[in-house]
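Here are some notes for a colleague who is opening this entry for the first time. Please keep the sequence and the model at hand while reading the points below.

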Amino acid sequence: MIELSGISKVYGIDRLVHALRRIDLKVGAGEYVALMGPSGSGKSTLMNIIGCLDRPTAGTYLLEGGTVSTMDDDQLAQVRNRMAGFVFQTFNLLARQTAERNVELPLIYRGVPGPERQRLAMEVLERVGLTEWAMHQPNQLSGGQQQRVAIARALVGRPRFLLADEPTGNLDSRSGQEVMVLFEELNREGMAVMLVTHDERIAHHAGRIIKLLDGRVVSDELNPAPLDATAELERIREQAHTAASAGAGTAAAGMADPPGMADTRGGPV
Amino acid sequence: MSLIEAMRVAAAAVISNKMRTFLTTLGVVIGVASVIALVSVSNGASAMITGQIEALGTNMLVITPVNARVTLTLEDAQSLDSRVPALSAVAPAMSFRGTAKWGINSYETSIEGVAPSHVEVRNYEVVEGRFISAADVDQMRRIAVIGHTVLGELFKGRQALGQQLTINGQQFTVVGVLAEKGQAMGTNPDDVVFIPVTAAQRLAGTTRLTVIYARLSSGDLATETVAQIRRIFDRKFGRADQVRVQSQDELLGAVDTATRTLSLMLGGIAGISLLVGGIGIMNIMLVSVTERTREIGLRKAVGARRRDILTQFLIEALFISIGGGIIGIFLGSLLATVIARFGGWSSAVSADSIMLSFFFAGAVGVGFGMYPAMKASRLDPIASLRYE
Ligand SMILES: Nc1ncnc2c1ncn2[C@@H]1O[C@H](COP(=O)(O)OP(=O)(O)OP(=O)(O)O)[C@@H](O)[C@H]1O
Ligand SMILES: [Mg+2]
């Protein structure tokens, strides 16, 4: 499905920054890939190129047999609209628009008529468990809920793959795990998922783990025993419960639960 | 993205910043309101003047001194009558504002000293009694013929014939009443008291005339006749151009020129204020684009093409400018009506000027909204998403 060969990305004019150096990578339909690496190693750059948000400086990118590297801006926009679903660390929901309207957005640019858009949006909102929150605006939702709205938005156009750049980075562990459960379910249904994370535990949900360093792939391994996201969520819930019933104070509880607490950087656009 | 969807998004953006939107529209509001009001005022005023000129009648020449040192007299009128065969009638006049009194009623009106020919030259009609006769003029009789408005204002509909009027302290006998001519574009030819020209001169203590009206027997002769009249006066005064000889066409032409100058000036004012309004719109649209950089980035990430973003921001600019245009049209019409009431002409806000303002407001929106919209449409999605 995704086929990168010799992809490089260089930033800057005077002082060149080699964000990616001759990357060769294939990702098949239905794969679940975690991308890891230290800060500045080029993870986001790679995701942006795969998602057609950015163009490589050199190399070819074949997506479903089509050559993305030679497309113009409007063609790229269409590929993004039909092929990719993005989930961002900072949610990037439109403020002053309901969750439902936010989810409709990709369909608006596809020219889907209003009633059909609403039907599809409500369908995916139900899928992420937010039916009751459909008419709420982002500032009335917790961070975890906002991220699930963002996932619904990424799903509504039935893309071929989901790209998530540190999707749990702004969430507490329980909301983050809820997101991971969603990804796992989607992947089981055949959706390819690529996610960037700094968290080994999160990465181990994926069936394949790729590590980047200084713009190069330094390891690309299959994960023989991926973590079961639902079981993980259960474990986190239990931990929180024990901590609370043991009266272990605010520190442990804070780690596990209150929505919005971790919501410092993220927020509506 | 469909146009309706783009309009919905633009409307939401405009509404979410009510105060800012309102302040931004002000430039366009003031521009459009001033166009509407000023065009209406200039149209109303020029229609009024045109009406006054047209009320003179066709084939009419108006002879006036160019300045106060030049004196026109009754002899001049007589010599024109006898020496210019192309003139079918010559009507000297000496007029001033005066107060006519009857009993306790008093009324300020135009007192016009005229000769018998006046009734014919100016197209008046006597309904009661008679007009001023040659004998009245020769003998300086203190008699008066009153217009329809004066009849109503002074005599309140009572029998006027034979009554004694006091004009500037002198007694005059009413010998005739004129038929109503009717308002002609704001002027009232019925608001007048005619007395013999000689009596008027004595009342004013002068031998001057204010104007000599002359009627041409045929419009074809206008140019030659005007030249002939000029020669007569050149000879009399020993130098050229001491009197103005104007035909109705020329007077209308002069008004037309004045109106055109006025229109040009108004166009300038309107242009400048719309320019200022447009700059305001551009400024606020640039702010809006910057504020919503992340929104633009996101829209692009989910598949918005350049033209989708362009349309969205152009429509936003159009909403502001056309909204301002509509408010401006209402405000301008209101202003025009108020001014017209004071000016005494009928206010007419022309459909043309409304269409024109509307069109200009739209053009300003597109013109000044284009740059910010282009800027928005060209933003790089990743850089925009990272924008803080
Ligand atoms: N627009 C840009 N202009 C210049 N340099 C850039 C730009 N974007 C990224 N870089 C550089 O490219 C390199 C890779 O950046 P990238 O954002 O892909 O890293 P990352 O692995 O996602 O890091 P992090 O974990 O902190 O998100 C970095 O050195 C970064 O400074
Ligand atoms: Mg990154």
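1. Is B:Glu224 buried or exposed? Bearing in mind that this is a predicted model, the answer rests on its relative accessible area of 58%: because exposed means over 50%, B:Glu224 counts as exposed. The residue belongs to helix α8 of chain B, which runs over residues 222-237. Its C-alpha atom is 9.2 Å from that of B:Ala86, although 138 residues separate the two along the chain.

2. On the layout of chain B, the assignment gives a domain 1 made of two stretches, 3-52 and 253-386, and a domain 2 covering 60-217. Between the C-alpha centres of these two domains of chain B there is a distance of 53 Å.

3. Turning to the interior, the largest nonpolar core contains 66 residues, and B:Leu80, B:Ile146 and B:Leu165 are those with the most contacts inside it. Strand β2 of chain B (residues 87-102) supplies the largest share of this core, namely 9 residues. If neighbours within four places in sequence are set aside, the contacts of B:Leu80 are B:Ile63, B:Leu87, B:Val90, B:Ile212, B:Ile229, B:Ile232 and B:Phe233. A second core, separate from this one, has 62 residues, and among them are A:Met83, B:Ala304, B:Phe313 and B:Ile320. As general background, nonpolar side chains in soluble globular proteins tend to be buried together.

4. Helix α2 of chain A (residues 73-83) deserves a look of its own. Its buried residues include A:Leu76, A:Ala77, A:Val79 and A:Met83, and also A:Arg80 and A:Asn81. The cover over the buried residues of this helix includes β4 (58-63), β6 (84-87), α3 (99-108) and β7 (161-165) of chain A, together with α10 (293-301) of chain B. At the N-terminal end of the helix, A:Asp72 acts as a cap, with a side-chain oxygen placed 3.2 Å from the backbone nitrogen of A:Asp74.

5. Which residues are closest to ligand 1? Of the 14 residues that surround ligand 1, the closest are A:Ser39, A:Gly40, A:Lys43, A:Ser44 and A:Thr45. The site is shared between chains, because residues from both A and B surround ligand 1. Oxygen atoms of the ligand lie 3.0 Å from a backbone N or O atom of A:Gly42, 2.8 Å from a side-chain N or O atom of A:Lys43, and 2.7 Å from a side-chain N or O atom of A:Ser44. On its own, ligand 1 has 630 Å² of accessible area, of which the protein covers 66%.

Terms used: Residues numbered from 1 in each chain as written. Chains lettered and ligands numbered in written order. Predicted model: local features only at pLDDT ≥ 70, side-chain atom pairs only at ≥ 80, totals over all residues. Heavy atoms only, no water. Core = buried A, V, L, I, M, F, W, Y, C linked by side-chain atoms within 4.5 Å. Buried < 20%, exposed > 50% of the residue type's maximum accessible area, 1.4 Å probe, protein only. Helix = DSSP H or I, 4+ residues; strand = E, 2+ residues; numbered from the N terminus. Contact = heavy atoms within 4.5 Å. Near = heavy atom within 4 Å. Polar contact = N/O pair within 3.5 Å; in protein donor to acceptor, adjacent residues only side chain to side chain. Areas by Shrake-Rupley, 256 points an atom, 1.4 Å probe, with all protein chains shown as cover. Domains from an automatic or database assignment.
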